[in-house]
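Notebook open, model loaded. I want to go through a few loops, one helix, a sheet and a pocket, and jot down what I find.

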Amino acid sequence: MDNRTNLDDYLAELGISEADESVTPPPAPDSSGSAPPLEAAATDPSAVLDRFLRGLVARIDPELNVTVREVDDALEAEISGENAARLAGRDGRTLGAIEILAYTVLSKLEGRGDTRVRVDIGGFRKRQADTLTKLAERLAIGVAKSGEPHELQPMPAAERRVIHIALKEHPDVMSESVGEGASRRLVIKPRHS
C-alpha cells in the first residue's frame, strides 16, 4: 500500500525533504572531487537541484547524467545520456513537469521562491528554440510582405520569449504577447515607422 499522500512524502523519497534523511543520497562531488558539507548542500540551491535531479533520474535511467550550473539569474540543468531524449516526453511535457517539480523543490528553501530553473533533456530545449527561431523568421517575411498581422496559437512564456528575442531587432516586424493565462499568445505585426 502506498502511504505517500503529498509532495513532501515523494520528495523525501527522492532525498529532498528533511522528513527522512536516511534515504538522502550523498551530495554530488564538486569540481575538486570532494562532496560539499551536508549543511551547505541543504541550503545551496545548485546542490539541492543537483541532488533532486540525480535522485529522480537514478530511478528512471541510471545511465543518465545531470549537470547543474548557475547562469545569470537562474539555475540551468542538463540531463544527458544515450536515452535522454525519450525522457523529454511528447512535446516536452515530461520535461515541463520535471522543471515544475525542480522549481517546487527550490521554492521549499527559505527565501528561494524567486530562483528561476531551466531544465533541458538531451538538447530538447535547444532544438525547440532553433525551430521557433526559424518559424519566427518565416512568419516575419510573410507579415512584412502582406502587411497583415499574424497571430500564433497560445504558447508557454518560454516559447514566446524565444520568438520575441528572434524578432527584437527585425527592421520590418515586431511581436507582442496578448491574452491572459493559458490563452496568452503572440502576434507578429508590421513595424510602422
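**Gly81.** I started by looking up how open this glycine is: Gly81 comes out as partly exposed, at a relative accessible area of 32%. I keep in mind that this is a predicted model. The cut-offs matter here: under 20% would be buried and over 50% exposed, so 32% falls in between. I placed Gly81 in the loop between S2 and helix H4 (84–87). Then I checked its distance to Asp61, which sits 20 residues away along the chain; the two C-alpha atoms are 9.3 Å apart.

**Two aspartates with positive phi.** I went looking for odd backbone angles next. Most residues other than glycine have a negative phi. Asp72 goes against that, with a positive phi of about 50° although it is not a glycine. I find Asp72 in the loop between S1 and S2, and at a relative accessible area of 80% it is exposed. Asp91 also caught my eye, with a positive phi of about 55°, and it is not a glycine either. Asp91 belongs to the loop between H4 and H5, and its relative accessibility of 56% makes it exposed.

**Helix H3.** I checked the span of H3, residues 45–60. Its 16 residues reach 23 Å from first C-alpha to last, close to the 22 Å expected at 1.5 Å a residue. Is H3 mostly covered or mostly open? Mostly covered, I noted: 12 of the 16 residues are buried. The buried set mixes residue kinds; I wrote down Val48, Leu49, Phe52 and Leu53 among them, and also Asp50 and Arg51.

**The S4-S6-S5 sheet.** I traced 3 strands in an open sheet, in the order S4-S6-S5, with antiparallel pairing. Strand S4 (150–151) and strand S5 (173–178) each have a single partner strand and stand at the edges, so each has one side without a neighbour in the sheet. I then went through the pairings.

- S5 and strand S6 (residues 185–190) are joined by 6 bridges and run antiparallel.
- In that pair, I see Val173 opposite Pro190 in S6, and Met174 opposite Lys189 in S6.
- S4 and S6 are joined by 2 bridges, again antiparallel, and Glu151 faces Val187 in S6.

The hairpin of S5 and S6 has 6 residues between the strands, and there I noted Gly179 with a positive phi near 95°.

**The largest pocket.** Last stop. I get about 1,200 Å³ of space in the largest pocket. Which residues of its lining come closest to the centre? Out of 31 lining residues, I listed Glu99, Arg118, Arg125, Gln128 and Ala158. Sorting the lining by class, I have 14 nonpolar, 4 polar and 13 charged residues.

I also looked up which elements supply at least two lining residues each: strand S1 (65–71), strand S2 (74–80), helix H5 (93–107), strand S3 (116–121), helix H6 (124–146) and helix H7 (157–167). Why do I place this pocket between domain 1 (45–122) and domain 2 (126–190)? Because both domains give residues to its lining.

Key
Residues numbered from 1 in each chain as written. Predicted model: local features only at pLDDT ≥ 70, side-chain atom pairs only at ≥ 80, totals over all residues. Heavy atoms only, no water. Helix = DSSP H or I, 4+ residues; strand = E, 2+ residues; numbered from the N terminus. Expected span 1.5 Å × (residues − 1). Buried < 20%, exposed > 50% of the residue type's maximum accessible area, 1.4 Å probe, protein only. 1 Å grid on protein atoms, 1.4 Å probe; cavity = no way out; pocket = protein on both sides within 12 Å on 5 of 7 lines; lining within 4 Å. Points joined across faces, edges and corners; volume = space filled by probe spheres on them. Nonpolar A, V, L, I, M, F, W, Y, C, P; charged D, E, K, R; others polar. Domains from an automatic or database assignment. Pairing = 2+ DSSP bridges.
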